[in-house]
Amino acid sequence: MNKKYNNNNDKNILVLSDNERIKQESNFLRGTIAQNLDNNLTGGFNTEDAQLIRFHGMYQQDDRDVRVERANQKLEPLINMMLRCRLPGGVIMPAQWLAIDDFSEKYTLYGTIRLTTRQTFQLHGLLKPNLKNVHRLLNELGLDSIATAGDVNRNVICTANPMESTLHHQVWELAKSISSYLLPKSNAYAEIWLDSKKTESTDSEPILSATYLPRKFKIAIAIPPINDVDVHANDLSFIAIRGDNTDQIIGFNVLVGGGLAMTYGDTTTYPRKASEFGYISTKDVLKIAETVVTIQRDWGNRSDRKHAKTKYTLDRVGVTTFKSEVERRSGVTFHPIHPYVFTDRGDRFGWVQGIDDYWHLTLFIENGRISNNNPRKLLKHGIAEVAQIHSGSFRLTANQNLIISGVSKDNKLMVESTLRKYGVINDDITPQRKASMACVAFPTCPLAMAEAERFLPKFITKIENIMSKYRLEKDAIILRVTGCPNSCARAMLSEIGLTGRSIGRYNLYLGGNNIGTRIPRLYKENITENDILNILDMTISRWAQERNNHESYGDYVVRSGIVHAVINSEKDFYDE
Ligand code: SRM
Ligand code: SF4
C-alpha cells in the first residue's frame, strides 16, 4: 500500500480498521463461515464471519419489530439473513424468476422479493439452515450472489432494457463483462456454499488484493439522455457516446468519485457528485475500470471506514493527481469530455416497442416490494403467472421497477390482462407516486433510524393531495425517503429528500434537480411529518404560481432562493 496516500492524519497511518484485520485473516473470504454454519446454538454468525458473508452476498439481520418482545422473553433476536443476487444490468429470465419466487414463498420469513435501487433483488428472512439451499438454487439457475456486498465492486448497473435498442444491448454486455472481470477470484464461495473441492493453493486476487478494497465500490453505465442509473451515486460511471449516424457506441465519458452517504454531525462526511475525467474509446473500458479500482485499492483510506470511499480519496489527493495516476497506470489518455445531456431519469412506464418488433412493458412496483400482502394487488401471483407464459425476459430497473421485456405482438394482450387481473397494472397511479422511492429501512435494516418503505405510500397520498390542490396532478417531483443518511434510495440526488433521524422525524433536503445532477440542500432538520407537509404545501403552492413554463420544483426552489444550490458539496454542502 502506498503510505503516502493511506491517510492525511499521521497518527492513523498504521492503525488499520478492524475490517482490514478480518479480511487479512480470512484466507480469501473463508474465515470460519463453514464451521459457523453447523453451529445450531445460534441463528447467526460470529462477528468476523458476519462481515465475511457479505462478500458472498448476504447480510446478517434481525427483525426489529420483534426485538423488544423477544428480549423480554429472554430470546435471541430473530436473526436471519438477507441475500442480494448478482444481476449485472438487471436481466433475469422467467424460469429463474419462478424458481426464486417459489423459494421465497417456502423458505423465507417474509415471503417477498425486494427489487433494489441497484437493479437486482433481495430475499429477506433466510434462516441459517436454508442458506446452502438458496446458493445451490442460484447456482442451478446460472446465478450467484458473489460480491453484491462487502468491500468489492458491487452489482454493475446500466440503463434498463437491453432489448430497447442495439445501444442498450451493448451496454448490457459491457455491464456483464465489467462485473465478471472485477469479481473476487477466491474459490471460497463455491467451497462453502456449493461444496466444491478446496483449491486454496491457487487463490490469488490480482485486482482486488488479499485484503480486497478499502470499501464498497460501485459502477454504472448510462445512455444519455436517460440518467436512470444516477451516475453521481457511483464510484465510477461510463456515459455512452453514440457515433454520428450509427447505432453503435464509439466510446464513453468517464466519471469518478460519486457517492451519497454522510454521517450526521460529522461535516467531514458528505454526498459528492462524480468528477468528469474525460472520454475514452470502448476498447479501453475494462482497462480503465481495473485501473480506477486498483488506485482506490492502493490509495483508499483503510483506517477510517467513514472516509474510505473513492470520493474521499479523490478529495484528499486531488482530481488531477488521481486522474494522472489513472493515465500513468493504464497507458490510456483521457480526451476532452464529449458533450452529453441528461433530460430524464425515470422509467418509461407502459408499453414501448423495441428492436425486432418485440414489446416491453414497464411496471411500477411501489418501493420495489413484490408480495401478495395487499389483496387488491397480488404482485407476486401476477408476475409469477406472467413468468409461466412469457418467453422473453424480465428486466429490473435502478428505480426499483420491473420490465416485462420481449413480448410478441400476439402475447401483449395476454400479458396485460394477466397483470390487470392481479392488480399489478393500475391506471390510477399518479406521476408523483411513480417519481417517488424509499429504501428498505424497518424492520430489516439494522441502520434504520426512521421508517421509509412503510412510510412512503401513505405519505405520497398526502403529497398527491397537495399536488391536486394546486392543480399539479400531471406533474411530478422526484421525492425520495431513506431511513438514515446513507441514502440507499438516493435521497441525496432528489428534488425533495427525507432522511430519517429517529422514529417519526426526518431531515428535509430541497433543491436537487430532476435529472440527478445536483445535490439537494438541508432545509430543516429533525422535523415531523406534519412540519414536512406544511413546508411542502407552502413551497409547492409557490412553485405552482411562480414557476417559469415547465420549470421543475427543484429548479424553482433554487431560483426563488428558498434554498441556494449545492455547487461543490465537498466545500459547500454544510453552508447555512
Ligand atoms: Fe445501501 C447499507 C439497502 C443501495 C449506501 N444498504 C445498506 C444495508 C445493507 C444496511 C447494512 O449495512 O446493514 C441495507 C440493507 C437493508 C435491507 O434490509 O435490505 C441497504 N442499499 C440498500 C438497498 C436494498 C436499498 C433499496 O431500497 O433498494 C439498495 C441495494 C442496492 C444493491 O442492490 O446493491 C441500496 N446503498 C444503496 C445506494 C444507492 C446506489 O448505490 O445507487 C447507496 C448510496 C450510494 C453510495 O453508495 O454512496 C447506498 N448502503 C449505503 C451505505 C453508505 C455507504 C457509505 O458511503 O458510507 C450503507 C452503510 C455502509 O456501507 O456502511 C448501506
Ligand atoms: Fe438502511 Fe439507511 Fe440504507 Fe435505508 S438508507 S436501507 S435505513 S442503511
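1. Arg215 is a good place to start: a side-chain N or O atom of Arg215 sits 2.9 Å from an oxygen atom of ligand 1. Gln61 also reaches ligand 1, with a side-chain N or O atom 2.9 Å from one of the ligand's oxygen atoms. From the backbone, a polar atom of Val440 lies 3.4 Å from an oxygen atom of ligand 1. The elements giving two or more residues to the shell around ligand 1 are strand 1, strand 2 (79-84) and strand 5; here helices (H or I, at least four residues) and strands (E, at least two) are DSSP runs, numbered from the N terminus.

2. A word on the basis of these values. This is a predicted model, in which local features need pLDDT of at least 70 and side-chain atom pairs count only at pLDDT 80 or more, while totals for chains, interfaces and linings use all residues. Side-chain values use heavy atoms, with hydrogens and water left out; residues are numbered from 1 along each chain as its sequence is written, and chains are lettered from A and ligands numbered from 1 in the order in which they are written.

3. Now the full shell of ligand 1. It holds 32 residues, the closest being Thr116, His124, Thr444, Cys488 and Arg490; a residue is near a molecule if one of its heavy atoms lies within 4 Å of it. By class, the shell around ligand 1 has twelve nonpolar, eleven polar and nine charged residues. Ala, Val, Leu, Ile, Met, Phe, Trp, Tyr, Cys and Pro count as nonpolar, Asp, Glu, Lys and Arg as charged, and the others, Gly among them, as polar. Domain 1 (3-196 + 210-330) and domain 3 (432-572) each supply at least three residues to the shell around ligand 1.

4. Ligand 2 has a shell that includes Cys439, Cys445, Cys484 and Cys488, along with Val440 and Leu447. What is the make-up of the shell around ligand 2? Eight of its residues are nonpolar and four are polar, with no charged residue.

5. On the domains, the assignment also gives domain 2 (350-429); such bounds come from an automatic or database domain assignment. The C-alpha centres of domain 1 and domain 3 are 26 Å apart. Across their interface, 25 residues of domain 1 contact 36 residues of domain 3 (heavy atoms within 4.5 Å). About 2,500 Å² is buried between domain 1 and domain 3, with carbon and sulfur atoms giving 53%; buried area is the accessible area (1.4 Å probe) that two parts lose on being put together, summed over both.

6. How many salt bridges are counted between domain 1 and domain 3? The count is five, where a salt bridge is a side-chain nitrogen of Lys or Arg within 4 Å of a carboxyl oxygen of Asp or Glu. Asp230 and Arg480 also meet through their side chains in a salt bridge, at 2.9 Å from N to O.

7. Over the whole structure, the search finds 45 salt bridges. One to look at is Asp151 with Lys23, whose closest N and O atoms are 2.8 Å apart. This pair links distant parts of the chain, 128 residues apart: Lys23 is in helix 1 (residues 18-24), and Asp151 is in the loop between helix 6 (131-140) and strand 6 (157-158).

8. Lastly, some backbone details to check. The peptide bond from Phe442 to Pro443 is cis, with omega near 5°, and Pro443 lies in the loop between strand 16 (436-438) and helix 15 (456-469).

Note on methods: A polar contact is a pair of N or O atoms within 3.5 Å; within protein, one must be able to donate a hydrogen and the other to accept it, and residues adjacent in sequence count only if both atoms are side-chain atoms.
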